[in-house]
Amino acid sequence: VTHSIPACIGGMTINGKQLDNESAVSIFAVNKCYETVQDGTFFDGSGFAALVREGYKVRSDANITLEFRTTAAHGVLLGVSSAKVDAIGLEIVHGKVLFHVNNGAGRITATYEPRGTNSLCDGKWHKLQAHKSKHRISLIIDGNLVHTDNPYIQSTSADTNNPIYVGGYPADVKQNCLTSKSSFRGCLRNLVLTKGQQTELFDFSRAFDLRGVFPHSCPGAEH
């Protein structure tokens, strides 16, 4: 076994002597345990998860679904870019969800703005679906559909070849379809990307780079 256990461990004794977790000589990717825990992955607002080291190719059609829970009004949800301008991005900016797509001709954005006092940053779970079909893009938040006109109808393929960055991205990585540099703070779960008949559910514990991200457990409520 080469990966860590997604669990809480306490009260460990060796030869009758209790280990003091507080005075550890070295700690790596160990979070505190919560009394109430939900399924999902906790992002502490300092980092990101990097998936698909060899690069993810969005091309003409892609469908992204995920659930998020946050109390912050800003944060990167997901970005896939290329060395050129082609890219897609999902982010929360001023409490709105933005879905950006650039197929090479220019960036277009679908924006979901909650009505009235309804907030997406209320610490409750919200379901997001972002859909790109050639030049058309749409965004569905909690069942509410937003789509946007795309003047660049001849440009249909986002030729990305970089990893999928979730919850943020490294300072030296370019993201052509994200305006925010703020790392996400909160919880994500059920990240699924679908292309044609190919559906992939991403397990954050299998990310090739994980910073400030704790797979498999979310604190039950923000304190």
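Me: Why is Asp209 called partly exposed?

Reply: This is a predicted model. Asp209 has a relative accessible area of 21%. Buried means under 20%, and exposed means over 50%. The value 21% falls in between, so Asp209 is partly exposed.

Me: What makes Asp209 and Arg211 a salt bridge?

Reply: Their side chains meet at 2.9 Å, N to O. The cut-off is within 4 Å, so the pair counts as a salt bridge. Arg211 has a relative accessible area of 44%. That lies between 20% and 50%, so Arg211 is partly exposed.

Me: How do you know that Arg206 forms a salt bridge with Asp203?

Reply: The closest N and O atoms are 3.9 Å apart. The limit is 4 Å, so the pair passes.

Me: Why is Arg206 called exposed, and why is Asp203 called partly exposed?

Reply: Exposed needs a value over 50%. Arg206 has 71%, so Arg206 is exposed. Asp203 has 30%, between the two limits of 20% and 50%, so Asp203 is partly exposed.

Me: How many salt bridges does the structure hold?

Reply: The structure holds four. One of them joins Arg189 and Glu67, at 3.1 Å, N to O. This pair links distant parts of the chain. Arg189 is in strand β14 and Glu67 is in strand β5, 122 residues apart.

Me: Is Glu67 buried or exposed?

Reply: Glu67 has a relative accessible area of 15%. That is under 20%, so Glu67 is buried. Its partner Arg189 has 24%, between 20% and 50%, so Arg189 is partly exposed.

Me: What makes Arg189 a charge over the ring of Trp125?

Reply: Arg189 lies over the face of Trp125, at 3.8 Å from the ring centre. The distance limit is 6 Å, so the distance fits. Lys195 lies over the face of Tyr56 too, at 4.5 Å from the ring centre. That value is also within 6 Å, so the distance fits here as well.

Me: How many aromatic pairs does a search of the whole structure find?

Reply: The search finds four. Among them is the pair of Phe42 and Phe214.

Me: Why is the pair of Phe42 and Phe214 called stacked?

Reply: The centres are 6.3 Å apart, and the limit for a pair is 6.5 Å. The angle between the planes is 25°. Planes under 30 degrees apart count as stacked, so the pair is stacked. Phe42 is in strand β4 and Phe214 is in strand β16, 172 residues apart.

Me: How do you know that Phe42 and Phe214 are buried?

Reply: Phe42 has a relative accessible area of 6%. Phe214 has 14%. Each value is under 20%, so both are buried.

Me: What makes the pair of Phe43 and Phe204 edge-to-face?

Reply: The angle between the planes is 90°. Over 60 degrees counts as edge-to-face, so the name fits. The centres are 5.6 Å apart, within the 6.5 Å limit. Phe43 is in strand β4, and Phe204 is in the loop between β15 and β16. Both residues are buried. Phe43 and Phe204 form one aromatic cluster with Phe184.

Me: Why is Ser183 called buried?

Reply: Ser183 has a relative accessible area of 18%. That is under 20%, so Ser183 is buried. Ser183 is found in the loop between β13 and β14. Residues it touches include His74, Val76 and Gly168.

Me: What makes Ser183 and Gly47 a polar contact?

Reply: A polar atom of the Ser183 side chain lies 2.9 Å from the backbone oxygen of Gly47. The limit is 3.5 Å, so the distance fits.

Key: Residues numbered from 1 in each chain as written. Predicted model: local features only at pLDDT ≥ 70, side-chain atom pairs only at ≥ 80, totals over all residues. Heavy atoms only, no water. Helix = DSSP H or I, 4+ residues; strand = E, 2+ residues; numbered from the N terminus. Buried < 20%, exposed > 50% of the residue type's maximum accessible area, 1.4 Å probe, protein only. Polar contact = N/O pair within 3.5 Å; in protein donor to acceptor, adjacent residues only side chain to side chain. Contact = heavy atoms within 4.5 Å. Phe/Tyr/Trp six-rings, centres within 6.5 Å; stacked < 30°, edge-to-face > 60°. Lys NZ or Arg CZ within 6 Å of the ring centre and 35° of its normal. Lists of a residue's contacts leave out its neighbours within four places in sequence.
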